[in-house]
Amino acid sequence: MTPNLWRAGLSLPLTFLLLAVPEAAARALSEGPAQASPLERSGSAAGRVYYVDGREGDDDAPGTSPGKAWRSLDRASSARLRPGDTLLLRRGGRWKGTLTLRGKGTAARHITVGSYGRGARPKISGRDGDCVVVEGSYWRISDLRASDCGWGGFRIDGRHNDLWDVYADRNVAGVWVTERGSHNVIRDSQMIGNDRMSVDDSEPDNDSGAFGVLLNGDDNSVIGNLIVGSYASSRDYVSDGAAVEVYDGDRNLVAHNVARDNETFTELGHSPGGTAKGNLFANNVVTSGEKRGSFLITRGSGHAVGPVTGTVAVNNSVYLPARETIGVSCADGCSAKILRLRNNAIKVGGVLGFEDGSGIDDAGGVYDGRSTGIKLGHRSIREDPGFRSRHDLRLRPGAAAIGQGVPLGPSWYGGAGLAHDAAGRAIPRSRNPDAGAYQY
């Protein structure tokens with residue numbers, strides 16, 4: 001869904017620790033620690049615990065202990081889990097098919113899914129469908145890996161679900177929140193190499209795919225994740241993909257994520273008659289070594305998938321050194337009603353930004369690029385932000401971004417609990433903060 005800019009010539013503490021994690025380490029993280037899961041150690045005081053073992057289990061067993069575990073995903077999917085219950089898959093196990101989670105927990109008593117035993121995290125794969133489908137509400141899901149699935153690794157159709165420490169790779173979408181999915185949280189997880197296209201054909205301007213996270217629903221939060229390699233070749237756009245794609249989703253929060261080597265960090269649009277309004281992007285760290293890429297792409301009313309109104313991006317740090325890159329694109333009727341930028345630190349080797357209206361840069365930005373079509377707002381400057389390196393976007397001594405931002409209240413960051421930088425330091429409100437995701 002990336003617009004053809006090139007043809008037009010416009011061609012949490014955990015977050016900090018993941019900033020420069022090498023690929024070998026990322027592979028190790030997909031397996032998880034070789035120790036008992038916290039869920040296994042603590043059990044479930046509130047409800048029943050069921051076990052699934054893909055090698056030694058038996059679907060005719062009661063499933064109530066590791067020695068009496070179920071075997072298949074079908075049996076686990078058919079279990080009538082109640083609030084407070086727990087479903088544990090054996091570490092080192094591999095399944096092909098779909099795990100469907102249908103029950104309903106409550107705000108006080110979630111239904112929990114995790115792992116037990118030792119070894120690599122449980123892996124679910126298979127091109128016949130999405131691998132983990134969450135149809136119910138108030139589920140808490142962790143420790144699982146969804147790899148090389150039919151479309152989505154994790155598909156969330158329900159409400160008030162919590163995905164944390166999951167791993168998704170080799171999918172069209174690592175995590176897909178459908179139009180029915182709302183008030184869900186995807187946090188402290190890894191979406192690595194979700195580089196497949198769902199559409200890549202000869203019909204013009206319709207290619208789509210390679211999403212770390214795809215948000216079609218409203219009021220969801222994507223916080224503290226590592227998203228790498230959402231990048232695929234495309235007949236229409238040369239390359240396509242997004243760390244976080246928003247299409248028809250309203251009021252989503254995307255904060256404190258580390259994104260590396262994605263085609264774009266975020267792209268927004270909506271279907272005819274739909275909306276994608278009020279989405280917030282705060283304190284994300286975005287780098288790429290790819291030849292092409294962008295930070296944020298959105299549209300006004302003149303575009304087929306616009307207007308996308310009320311997008312806000314604050315205190316993000318972006319470094320895209322290649323020449324075929326663009327920082328921000330707001331086309332086809334852009335204005336401050338479409339996009340507001342505050343306190344961002346963006347350095348690109350290509351086009352810094354494009355707006356065909358005016359007013360998207362609100363205040364406090366520090367920008368560096370070969371050319372720009374954005375009018376700078378209050379306290380915004382065009383200068384090298386002063387990142388330590390192309391991979392480490394903390395600020396070096398004397399950096400131009402230090403003290404260049406404007407004070408903002410917690411609501412700008414998604415609430416008081418998120419009013420801190422990418423290393424966990426509080427963002428000052430009594431003085432001018434630094435531009436970008438890191439306070440010096």
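Reader: What makes you say that E23 and E26 pair?

Author: This is a predicted model, and in it DSSP puts 4 bridges between E23 and E26. At least two bridges are needed for a pair, so with 4 bridges E23 and E26 count as paired, in the parallel sense. Opposite Val246 you'll find Leu268 in E26.

Reader: What joins strand E18 to E23, and how do they run?

Author: Strand E18 (residues 211-215) is joined to E23 by 4 bridges, and the two run parallel. The bar is at least two bridges, so E18 and E23 qualify as a pair. Here Val213 stands opposite Val244 in E23.

Reader: Why is strand E23 called mostly covered?

Author: Strand E23 takes in residues 242-247, and 5 of its 6 residues are buried. To be called buried, a residue has to have under 20% relative accessible area.

Reader: How do you know that strand E26 pairs with E29?

Author: Count the bridges again: strand E26 (residues 264-269) and E29 share 3, in the parallel sense. With at least two required, 3 bridges will do, so E26 and E29 are a pair. Thr266 has Leu296 in E29 as its bridge partner.

Reader: What sheet do these strands belong to, and in what order do they come?

Author: An open sheet of 11 strands, with parallel pairing, in the order E4-E7-E10-E13-E18-E23-E26-E29-E32-E35-E38.

Reader: Why are E4 and E38 said to stand at the edges?

Author: Strand E4 (99-101) and strand E38 (371-373) each have a single partner strand, so one side of each has no neighbour in the sheet. From one strand to the next, the twist averages 10°.

Reader: Is Thr298 in strand E29 buried or exposed, and how do you know?

Author: Thr298 lies in strand E29 (residues 292-299). Its relative accessible area is 1%. The limit for buried is under 20%, so Thr298 counts as buried. Neighbours within four places in sequence aside, Thr298 is in contact with Leu268, Val308, Thr311, Ser329, Cys330, Ala331, Ile338 and Leu339.

Reader: Cys330 is on that list. What makes Cys330 and Cys334 a disulfide?

Author: Their sulfur atoms are 1.9 Å apart. The cut-off is within 2.5 Å, so Cys330 and Cys334 make the grade. The angle about the S-S bond is 100°, and the link of Cys330 and Cys334 is right-handed. Both cysteines, Cys330 and Cys334, are buried.

Reader: How many disulfides are there in the structure?

Author: There are 2 disulfides. One of them joins Cys131 to Cys149, S to S 2.0 Å. It links distant parts of the chain, 18 residues apart: Cys131 is in the loop between strand E6 (123-126) and strand E7 (132-134), and Cys149 is in strand E9 (residues 145-149). Cys131 and Cys149 are both buried.

Reader: Why is the disulfide of Cys131 and Cys149 called left-handed or right-handed?

Author: The torsion about its S-S bond is about -110°, so the Cys131 and Cys149 link is left-handed. With the bonded cysteines numbered in sequence order, the pairing reads 1-2, 3-4.

Reader: What is the mean pLDDT of the chain, and where is the pLDDT below 50?

Author: The mean is 90, and 90% of the residues reach 70 or more. Residues 1-29 are below 50, though this stretch has 80 contacts in the model beyond near neighbours in sequence. Residues 33-45 are below 50 too, with 27 contacts beyond near neighbours in sequence.

How values were computed. Residues numbered from 1 in each chain as written. Predicted model: local features only at pLDDT ≥ 70, side-chain atom pairs only at ≥ 80, totals over all residues. Heavy atoms only, no water. Buried < 20%, exposed > 50% of the residue type's maximum accessible area, 1.4 Å probe, protein only. Contact = heavy atoms within 4.5 Å. pLDDT = per-residue confidence, 0-100. Axes fitted to C-alpha atoms, helices over the stretch in contact; angles between N-to-C directions.
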